[in-house]
Amino acid sequence: MLAAPRELSYIPQPVVSSKQSPRSGLSNRRRESRARQKLLLLGLVLMGVVIGLSLTFLAMQVLIKGYKIDSLKRELSTLQRENEQLQLEVARLKAPERVARVATTKLGMVEPKTEQIYYVPEQAGNGKQVQVATTEPSRPAVTGAAPGRQAWWVALAEALHQWLEPARQAGAGV
């Protein structure tokens, strides 16, 4: 017996191009997943490069600051040595022997004679006396002081006049 073929109803199938396989939906997901993985990997590599460059930059900044600190420390030690030398120079220039020598040789000052020294009681009232040196008056005192004695300010003015006289003569001669 022969059987007659059954009529099958025709259901049109979508046209599938030769490039796509019937399972193209699954393949697209894999492609998207791989693309995302590649993009994520690229992002991680770029982030690693940026972090590496940032760390290198910071290390260079630390190195530069370290060199600057060393330079400033050397400068500080140099200035401290120079300061110590200047302090020694000041102490040498302030020495009483040197001051006396300069006063007598360069400024023409002389040591006061014993009769030119007067002791004046200190105003604080603690019983100490202050030594004051004056010169003999070359002219009479302006104040009504006793003969042979003059006011302290007159003696000071005369001492300054005698001290400045060589400078005035040198200035007039030049």
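Me: What share of the accessible surface of the protein chain belongs to carbon and sulfur atoms?
Reply: This is a predicted model. The accessible surface of its protein chain comes to about 16300 Å². The part of that surface belonging to carbon and sulfur atoms is 62%.

Me: How many of the 174 residues in the protein chain, as a percentage, are buried?
Reply: A residue counts as buried when its relative accessible area is under 20%. Across the 174 residues of the protein chain, the buried share is 5%.

Me: In what order do the elements of the protein chain run from the N terminus on?
Reply: The protein chain has three helices and two strands. Two helices come before the strands, and a helix follows them. Written from the N terminus on, the order is α-α-β-β-α.

Me: How far apart are the end C-alpha atoms of residues 39-64?
Reply: The UniProt record, an unreviewed entry, gives residues 39-64 as a "transmembrane region". In the model this span is 100% helix and 0% strand. Its end C-alpha atoms are separated by 37 Å.

Me: Where in the protein chain is methionine 109 found?
Reply: Met109 helps make a nonpolar surface patch of about 800 Å², together with residues including Trp152, Trp153 and Trp163. Along the chain, methionine 109 comes after helix 2 (96-105) and before strand 1 (117-121). Its place is therefore the loop between helix 2 and strand 1.

Me: Is methionine 109 buried, partly exposed or exposed?
Reply: Buried means under 20% relative accessible area, and exposed means over 50%. Methionine 109 has 37% relative accessibility, so it counts as partly exposed.

Notes: Residues numbered from 1 in each chain as written. Predicted model: local features only at pLDDT ≥ 70, side-chain atom pairs only at ≥ 80, totals over all residues. Heavy atoms only, no water. Helix = DSSP H or I, 4+ residues; strand = E, 2+ residues; numbered from the N terminus. Buried < 20%, exposed > 50% of the residue type's maximum accessible area, 1.4 Å probe, protein only. Areas by Shrake-Rupley, 256 points an atom, 1.4 Å probe, with all protein chains shown as cover. UniProt positions renumbered as here; feature names shortened; annotations may be inferred. Patch = residues over 30% accessible without salt bridge, like charges linked within 9 Å, V, L, I, M, F, W, Y side chains within 5 Å. Salt bridge = Lys/Arg side-chain N within 4 Å of Asp/Glu carboxyl O.
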